[in-house]
Amino acid sequence: MPITAPEGHPEGASAGDPEGKTPLVLVAAAALVDADGRVLLARRPAGKTMAGLWEFPGGKVAVDETPERALIRELREELGIDVEQSCLAPLAFASHGYDDFHLLMPLYVCRIWHGTVTPREGQELRWVRPARLGDYPMPPADAPLIPVLRDLL
(Lines give C-alpha, C1' and ligand atoms only; values in the text may rest on other atoms or scores of the structure.)
Protein backbone atom coordinates (compact mmCIF):
# COMPACT_ATOMS: atom_id res chain seq x y z
CA MET A 1 0.00 0.00 0.00
CA PRO A 2 1.89 2.94 -1.12
CA ILE A 3 1.14 6.19 0.67
CA THR A 4 0.58 8.98 -1.82
CA ALA A 5 -0.88 12.41 -1.25
CA PRO A 6 -2.99 14.21 -3.83
CA GLU A 7 -1.31 16.76 -6.08
CA GLY A 8 -0.39 19.88 -4.14
CA HIS A 9 -0.94 18.32 -0.71
CA PRO A 10 2.08 17.39 1.43
CA GLU A 11 2.02 14.05 3.17
CA GLY A 12 1.85 13.64 6.94
CA ALA A 13 1.19 10.98 9.52
CA SER A 14 -1.40 11.95 12.10
CA ALA A 15 -5.11 12.17 12.79
CA GLY A 16 -6.38 14.09 9.75
CA ASP A 17 -9.20 16.64 9.63
CA PRO A 18 -12.22 15.68 11.79
CA GLU A 19 -14.43 18.13 9.84
CA GLY A 20 -13.98 16.10 6.63
CA LYS A 21 -12.29 18.87 4.64
CA THR A 22 -9.21 16.84 3.75
CA PRO A 23 -9.10 15.14 0.35
CA LEU A 24 -9.84 11.43 0.10
CA VAL A 25 -7.08 9.41 -1.57
CA LEU A 26 -7.99 5.97 -2.89
CA VAL A 27 -5.12 3.47 -3.04
CA ALA A 28 -5.50 -0.22 -3.96
CA ALA A 29 -3.14 -2.84 -2.51
CA ALA A 30 -2.51 -6.55 -2.97
CA ALA A 31 -1.49 -9.34 -0.66
CA LEU A 32 0.28 -11.57 -3.15
CA VAL A 33 0.37 -15.10 -1.71
CA ASP A 34 2.81 -17.62 -3.16
CA ALA A 35 2.48 -21.42 -3.33
CA ASP A 36 4.13 -21.71 0.11
CA GLY A 37 1.55 -19.40 1.71
CA ARG A 38 3.97 -16.49 2.08
CA VAL A 39 2.93 -12.87 1.49
CA LEU A 40 4.96 -10.38 -0.53
CA LEU A 41 6.02 -7.16 1.19
CA ALA A 42 7.81 -4.26 -0.49
CA ARG A 43 10.10 -1.87 1.35
CA ARG A 44 9.66 1.80 0.52
CA PRO A 45 12.92 3.05 -1.02
CA ALA A 46 14.99 5.98 0.19
CA GLY A 47 13.68 9.33 -0.95
CA LYS A 48 10.02 8.38 -0.65
CA THR A 49 7.71 9.30 2.19
CA MET A 50 7.90 6.66 4.93
CA ALA A 51 11.11 5.26 3.40
CA GLY A 52 12.23 1.99 4.97
CA LEU A 53 8.73 0.87 5.96
CA TRP A 54 7.25 -2.31 4.51
CA GLU A 55 3.95 -2.30 2.64
CA PHE A 56 1.62 -4.33 0.47
CA PRO A 57 2.30 -3.60 -3.22
CA GLY A 58 -0.16 -1.36 -5.04
CA GLY A 59 -0.80 2.27 -5.71
CA LYS A 60 -3.02 5.25 -6.25
CA VAL A 61 -6.28 4.84 -8.15
CA ALA A 62 -6.59 7.35 -11.01
CA VAL A 63 -9.83 9.26 -11.56
CA ASP A 64 -10.81 7.06 -14.52
CA GLU A 65 -9.88 3.70 -12.92
CA THR A 66 -11.52 1.12 -10.74
CA PRO A 67 -9.42 -0.11 -7.80
CA GLU A 68 -8.96 -3.44 -9.58
CA ARG A 69 -7.71 -1.84 -12.83
CA ALA A 70 -5.35 0.42 -10.86
CA LEU A 71 -3.97 -2.57 -8.97
CA ILE A 72 -3.42 -4.54 -12.17
CA ARG A 73 -1.56 -1.54 -13.64
CA GLU A 74 0.50 -0.95 -10.48
CA LEU A 75 1.53 -4.61 -10.15
CA ARG A 76 2.71 -4.60 -13.75
CA GLU A 77 4.66 -1.33 -13.26
CA GLU A 78 6.12 -2.12 -9.81
CA LEU A 79 6.68 -5.88 -10.02
CA GLY A 80 6.54 -6.86 -13.69
CA ILE A 81 3.66 -9.31 -13.24
CA ASP A 82 0.33 -9.64 -15.02
CA VAL A 83 -2.79 -10.21 -12.95
CA GLU A 84 -6.33 -10.88 -14.13
CA GLN A 85 -9.16 -9.05 -12.38
CA SER A 86 -10.84 -12.39 -11.66
CA CYS A 87 -7.78 -13.36 -9.55
CA LEU A 88 -8.19 -10.40 -7.19
CA ALA A 89 -10.29 -11.32 -4.15
CA PRO A 90 -11.31 -8.36 -1.96
CA LEU A 91 -10.38 -9.04 1.67
CA ALA A 92 -10.58 -5.86 3.76
CA PHE A 93 -9.94 -2.14 3.64
CA ALA A 94 -8.02 0.42 5.64
CA SER A 95 -9.27 3.91 6.40
CA HIS A 96 -6.62 6.20 7.88
CA GLY A 97 -6.38 9.95 8.39
CA TYR A 98 -3.07 11.66 7.69
CA ASP A 99 -2.41 15.39 8.20
CA ASP A 100 -3.50 16.54 4.76
CA PHE A 101 -5.48 13.66 3.28
CA HIS A 102 -7.53 10.65 4.27
CA LEU A 103 -6.44 7.31 2.83
CA LEU A 104 -8.94 4.64 1.85
CA MET A 105 -7.24 1.41 0.81
CA PRO A 106 -8.97 -1.79 -0.30
CA LEU A 107 -6.74 -4.86 0.12
CA TYR A 108 -7.11 -7.71 -2.34
CA VAL A 109 -5.66 -11.21 -2.06
CA CYS A 110 -4.05 -12.59 -5.18
CA ARG A 111 -2.70 -16.13 -5.51
CA ILE A 112 -2.36 -16.35 -9.30
CA TRP A 113 -0.29 -14.13 -11.59
CA HIS A 114 1.83 -14.46 -14.71
CA GLY A 115 5.53 -13.62 -14.75
CA THR A 116 8.24 -13.44 -12.14
CA VAL A 117 7.95 -10.93 -9.31
CA THR A 118 10.80 -8.46 -9.88
CA PRO A 119 11.43 -5.13 -8.13
CA ARG A 120 11.18 -2.42 -10.81
CA GLU A 121 11.16 0.75 -8.70
CA GLY A 122 14.16 0.34 -6.42
CA GLN A 123 12.17 -1.36 -3.69
CA GLU A 124 13.38 -4.34 -1.67
CA LEU A 125 11.00 -7.32 -1.74
CA ARG A 126 10.51 -10.04 0.81
CA TRP A 127 8.24 -13.11 0.96
CA VAL A 128 7.01 -13.37 4.55
CA ARG A 129 5.13 -16.07 6.46
CA PRO A 130 1.80 -14.70 7.78
CA ALA A 131 2.84 -15.24 11.41
CA ARG A 132 5.88 -12.97 10.83
CA LEU A 133 4.12 -10.04 9.11
CA GLY A 134 4.02 -8.11 12.40
CA ASP A 135 7.82 -8.20 12.55
CA TYR A 136 8.05 -5.69 9.71
CA PRO A 137 7.47 -1.98 10.44
CA MET A 138 4.62 -0.70 8.26
CA PRO A 139 2.82 2.57 7.57
CA PRO A 140 -0.15 3.17 9.90
CA ALA A 141 -2.70 2.29 7.22
CA ASP A 142 -1.18 -1.14 6.46
CA ALA A 143 -0.61 -2.47 9.97
CA PRO A 144 -4.31 -3.02 10.90
CA LEU A 145 -4.71 -5.31 7.88
CA ILE A 146 -2.22 -7.87 9.21
CA PRO A 147 -4.59 -9.67 11.63
CA VAL A 148 -7.26 -10.00 8.93
CA LEU A 149 -4.73 -11.46 6.52
CA ARG A 150 -3.34 -13.82 9.18
CA ASP A 151 -6.84 -15.11 9.91
CA LEU A 152 -7.37 -15.87 6.24
CA LEU A 153 -4.06 -17.66 5.74
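A salt bridge here is a Lys or Arg side-chain nitrogen within 4 Å of a carboxyl oxygen of Asp or Glu. Keep that cut-off in hand for the first stops. The model is predicted.

**Stop 1: charged pairs**

Select Arg 132 and Asp 135. Their side chains form a salt bridge, at 2.4 Å from N to O. Asp 135 is partly exposed, and its relative accessible area is 47%. Now pick Glu 65, Arg 73, Glu 74 and Glu 77. Salt bridges with shared partners link these four into one network.

How many salt bridges does the structure hold? The count is ten.

Move to Arg 38 and Asp 36. Here the N to O distance is 3.9 Å. This pair still counts as a salt bridge because the cut-off is 4 Å. Arg 38 is partly exposed, at 25% relative accessible area.

**Stop 2: the three-stranded sheet**

Show β3, β2 and β7. They make an open sheet of three strands in the order β3-β2-β7, and the pairing is antiparallel. Which strands lie at the edges? They are β3 (54-55) and β7 (124-128), each paired on one side only.

Zoom in on β2 and β7. Five bridges connect them in the antiparallel sense. Select Ala 42 and look across to β7: its bridge partner there is Leu 125.

Stay on β7 and add side chains for Glu 124 and Arg 126. They form a salt bridge, with the closest N and O atoms 2.5 Å apart. In a regular strand, side chains alternate between the two faces of the sheet. Glu 124 is partly exposed at 33% relative accessible area. Arg 126 is also partly exposed, at 32%.

**Stop 3: the β5-β6 hairpin**

Select residues 88-97, which are strand β5, and then β6. The two strands pair antiparallel over nine bridges. Four residues carry the chain through the hairpin from β5 to β6. For a landmark along the pairing, label Ala 94; opposite it in β6 stands Met 105.

**Stop 4: the nonpolar cores**

Hide the charged residues and select Leu 41, Phe 56 and Leu 103. These have the most contacts inside the largest nonpolar core, a set of 25 residues. Colour the contributing elements next. β1 (24-32), β2 (39-43), β6 (102-110) and α2 (146-152) each give two or more residues to this core.

Finish with the second core, which is separate and has 17 residues. Select Ala 30, Leu 40, Val 83 and Val 117, which are among them.

Note on methods:
Residues numbered from 1 in each chain as written. Predicted model: local features only at pLDDT ≥ 70, side-chain atom pairs only at ≥ 80, totals over all residues. Heavy atoms only, no water. Core = buried A, V, L, I, M, F, W, Y, C linked by side-chain atoms within 4.5 Å. Buried < 20%, exposed > 50% of the residue type's maximum accessible area, 1.4 Å probe, protein only. Pairing = 2+ DSSP bridges.
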